[in-house]
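Student: Please take a close look at one part of this model, the sheet, and describe how it is put together and what surrounds it.

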Amino acid sequence: MPASYGYESFIRESKSEKMEKDSELYKVVAEVFDKSTLMTLYHLINKGVLNELCGVVSTGKEANVFLALDRGGNPLALKIYRIATSDFRTMFRYLVGDPRFRSIRKDRRHVVYEWASREYKNLLRASEAGIPAPKPICVKNNVLAMEFLGEGNRPYPRMRDHPPENPKGTFKKLFSSVRALYQKARLVHSDLSEYNVLLTPEPVLIDFSMATDIANPMAEEWLRRDILNLVKYFRKFNVPTPDPEELIAEIRGERGSSSETAQART
Ligand SMILES: Nc1ncnc2c1ncn2[C@@H]1O[C@H](COP(=O)(O)OP(=O)(O)OP(=O)(O)O)[C@@H](O)[C@H]1O
Ligand SMILES: [Mg+2]
């Protein structure tokens, strides 16, 4: 690949004419696709994971999410973490408390790659534990490929933008996901809120980059924060949620398996 290889060439060669027409996408492409990211995308194209980028799903602070197609024309979500503009010092702080990432180097690129790899590993653990979350496909450097949760080219709505039709039932399902995440996958999501739940309309957890092994000394504090966010959201819909400390105790297995806790006040 010539040294000057840039995003314009990537757009041409990714065979997506739609992309050239979409100025929003063009802007994002310029910002996200540095040379090493382009190389990573080519690697994924050569492996057959990726064939075409169709459009931007979301432009976040640390990452952008794209809808892409694999060689068979099946949709997938591609989450691409930015390297040059990432807050890698904060990422580093969050990573080193997790026993799986204790010995990483404080180097920008390395930290971002480890960050993407942690999200992949977390999605793998979650899916092995049967928790509703996107199925991971692969991770390479700062690019994570996973199942696309949506209809046509639209992602399912975030719970933030589309409140659940059955808040009580949704709360119960989310609570059991958080409990299974802790007890079976041994993870705390650590960034749980209505922003990181998609409704299919069944609730699905997304955005696992912050999720940490329960052996992290901060895990308990982050679990409490997750539960408080959940309770605060559902109380707005008059869901009679139990005391957060009771919920936390149940998640930690300190109250037997009273799966009725979530229903206690219903
Ligand atoms: N697997 C997926 N399928 C469909 N849409 C997705 C998927 N993952 C993410 N999205 C969409 O992209 C948005 C942003 O994703 P996510 O929450 O993972 O990233 P973020 O908050 O920008 O990232 P981070 O907090 O890690 O910087 C989601 O709100 C959702 O609309
Ligand atoms: Mg998010």
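Tutor: A hairpin is a convenient place to begin: β1 and β2 form one, with 3 residues between them. The two strands run antiparallel and are joined by 6 bridges. Within this pairing, valine 56 stands opposite phenylalanine 66 of β2. The model is a predicted one, and what follows should be read as a description of that prediction.

The hairpin belongs to an open sheet of 5 strands, whose order is β1-β2-β3-β5-β4 and whose pairing is antiparallel. The edges are taken by β1 and β4 (136–140), each of which has a single partner strand, so one side of each is left without a neighbour in the sheet. From one strand to the next, the twist averages 25 degrees. As a general point, side chains in a regular strand alternate between the two faces of the sheet.

At the β4 edge, β4 pairs with β5 over 4 bridges in the antiparallel sense. Here cysteine 138 has alanine 145 in β5 as its bridge partner. Two helices are placed against this part of the sheet. Helix α6 (residues 108–128) packs on the sheet and touches β3, β4 and β5; the direction of α6 makes about 160 degrees with that of β4. Helix α4 (residues 35–47) lies across β3, β4 and β5 as well, and runs at about 40 degrees to β5.

The sheet also takes part in the surroundings of ligand 1. At least two residues of the shell around the ligand come from each of β1 (52–59), β2 (63–69), β3 (75–81) and β5 (143–147). The shell has 21 residues, of which Ser58, Gly60, Glu62, Pro155 and Asp207 come nearest to the ligand. By type, the shell divides into 10 nonpolar, 5 polar and 6 charged residues. Both domain 1 (16–154) and domain 2 (155–263) contribute, with at least three residues drawn from each.

Domain 2 spans 155–263, and a helix pair can be described there for completeness. The axes of helix α7 (residues 167–183) and helix α9 (residues 244–251) come within 9 Å and cross at roughly 40 degrees. The two helices are therefore oblique to each other. Their contact is made by Phe175, Val178, Arg179 and Tyr182 on the α7 side, and by Leu247, Glu250 and Ile251 on the α9 side. The residues of this contact divide into 5 nonpolar and 2 charged, with no polar ones.

Key:
Residues numbered from 1 in each chain as written. Chains lettered and ligands numbered in written order. Predicted model: local features only at pLDDT ≥ 70, side-chain atom pairs only at ≥ 80, totals over all residues. Near = placed C-beta within 6 Å. Nonpolar A, V, L, I, M, F, W, Y, C, P; charged D, E, K, R; others polar. Domains from an automatic or database assignment. Axes fitted to C-alpha atoms, helices over the stretch in contact; angles between N-to-C directions. Parallel < 35°, antiparallel > 145°, perpendicular 65-115°, else oblique. Contact = placed C-beta atoms within 7 Å. Pairing = 2+ DSSP bridges.
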